[in-house]
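Hi,

Here is the structure I promised to pass on. Have a look at it first, and my notes follow underneath.

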Amino acid sequence: MTSLNKETLKIRTEQDVIVFRQRLREYVVKIGMSVVNQTKLITAASELVRNILAYAGEGQATIEVVSERLQTGVKIIFKDSGPGIPDINKAMQDGYTTGKSLGLGLPGAKRLVNFFDIKSEVGHGTTVTIIRWKR
Ligand SMILES: Nc1ncnc2c1ncn2[C@@H]1O[C@H](COP(=O)(O)OP(=O)(O)OP(=O)(O)O)[C@@H](O)[C@H]1O
Ligand SMILES: [Mg+2]
């Protein structure tokens, strides 16, 4: 996979979330992603940055334009050093939440992207990687 452009943004406040979404929108428009896929990626990414704020307090998101064979898309790595997730299989189920929310963020995000990977270690943190191709 070839990396064409890459940028890391800190995620600590609501304002950081707004800036992140704006930057992401600029990237997807620049590469000419279809509007449907723009919406899917931004929706998924919003859930994942929300999780950073809610459960880890702070973290970072790296936006990267990637290309592989004939495909171009956007990869985002969400990384925090928060409490981690004890049971990822459970966390990936619809309706599972340790808060008072809907528990749809992670499984919903996975359905909206072409690639989804989550790694988490209790006491060390969580890293989620997603890719959405242009078309
Ligand atoms: N970055 C993270 N660090 C630690 N725990 C996390 C992180 N992201 C998710 N989790 C855990 O996984 C659970 C499921 O996350 P998910 O986003 O699917 O649902 P939710 O955040 O509880 O609710 P919703 O996203 O629907 O508002 C969370 O309740 C939380 O316990
Ligand atoms: Mg969530």
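**Asn-37 and the helix around it**

Leaving out neighbours within four places in sequence, Asn-37 is in contact (heavy atoms within 4.5 Å) with Arg-132, Trp-133, Lys-134 and Arg-135. Before I go on, a word on conventions: this is a predicted model, in which local features need pLDDT of at least 70 and side-chain atom pairs count only at pLDDT 80 or more, while totals for chains, interfaces and linings use all residues. Residues are numbered from 1 along each chain as its sequence is written, chains are lettered from A and ligands numbered from 1 in the order in which they are written, and side-chain values use heavy atoms, with hydrogens and water left out.

Asn-37 lies in helix α2; helices (H or I, at least four residues) and strands (E, at least two) are DSSP runs, numbered from the N terminus. With a relative accessible area of 6%, Asn-37 is buried. Here buried means under 20% relative accessible area, exposed over 50%, and partly exposed in between, with a 1.4 Å probe and protein chains only.

Asn-37 has company: the buried residues of α2 also include Gln-38, Leu-41, Ile-42, Ala-44 and Ala-45. Among the elements that cover the buried residues of α2 are β1, α1, β2, β3, α4 and β5. The helix has 22 residues and reaches 31 Å from its first C-alpha to its last, close to the 32 Å expected at 1.5 Å a residue (the expected span is 1.5 Å times one less than the number of residues). Towards the other face of the accessibility scale, Ala-54 lies in helix α2 and counts as exposed, at 55% relative accessibility. Ala-54 and Leu-4 are 50 residues apart in sequence and 31 Å apart in space, C-alpha to C-alpha. After α2 comes Gly-57, with a positive phi near 85 degrees.

**The core**

Which residues have the most contacts inside the largest nonpolar core? They are Phe-20, Leu-24, Ile-76, Phe-78 and Ile-130, in a core of 32 residues. A nonpolar core is a set of buried Ala, Val, Leu, Ile, Met, Phe, Trp, Tyr and Cys residues joined through side-chain atoms within 4.5 Å. At least two residues of this core come from each of β1 (2-11), α1 (14-30), α2 (35-56), β2, β3, α4 (105-112), β4 (115-121) and β5 (125-133). The largest share, 8 residues, is supplied by α2.

Phe-20 is a good place to start looking. Not counting residues up to four places away in sequence, Phe-20 touches Leu-9, Ile-11, Ala-45, Val-49, Ala-61, Ile-63, Ile-76 and Phe-78.

Ala-109 lies in helix α4 and is buried, with a relative accessible area of 1%. By the same sequence cut-off of four places, Ala-109 touches Ala-44, Leu-48, Leu-104 and Phe-116. The C-alpha atoms of Ala-109 and Lys-40 are separated by 8.3 Å, although these residues are 69 residues apart along the chain.

**Salt bridges**

The count comes to 6 salt bridges, each being a side-chain nitrogen of Lys or Arg within 4 Å of a carboxyl oxygen of Asp or Glu. Three of the pairs are described here.

- Glu-14 and Arg-50 meet through their side chains at 3.3 Å, N to O. Glu-14 lies in helix α1 and Arg-50 in helix α2, so the pair ties together parts that are 36 residues apart in sequence. Glu-14 is partly exposed at 47% relative accessibility, and Arg-50 is partly exposed at 39%.
- Lys-10 and Asp-16 form a salt bridge at 3.1 Å, N to O. Lys-10 is partly exposed, at 47%, whereas Asp-16 is buried, at 9%.
- Glu-26 and Arg-23 form a salt bridge at 2.2 Å, N to O. Both lie in helix α1, 3 residues apart, about one turn of the helix. Glu-26 and Arg-23 also belong to a salt-bridge network with Glu-7.

**One backbone angle**

Where is Arg-69 found? Arg-69 sits in the loop between β2 (59-68) and β3 (71-80). Arg-69 is not a glycine, yet its phi is positive, about 50 degrees. Arg-69 is exposed, with a relative accessible area of 84%.

Best wishes
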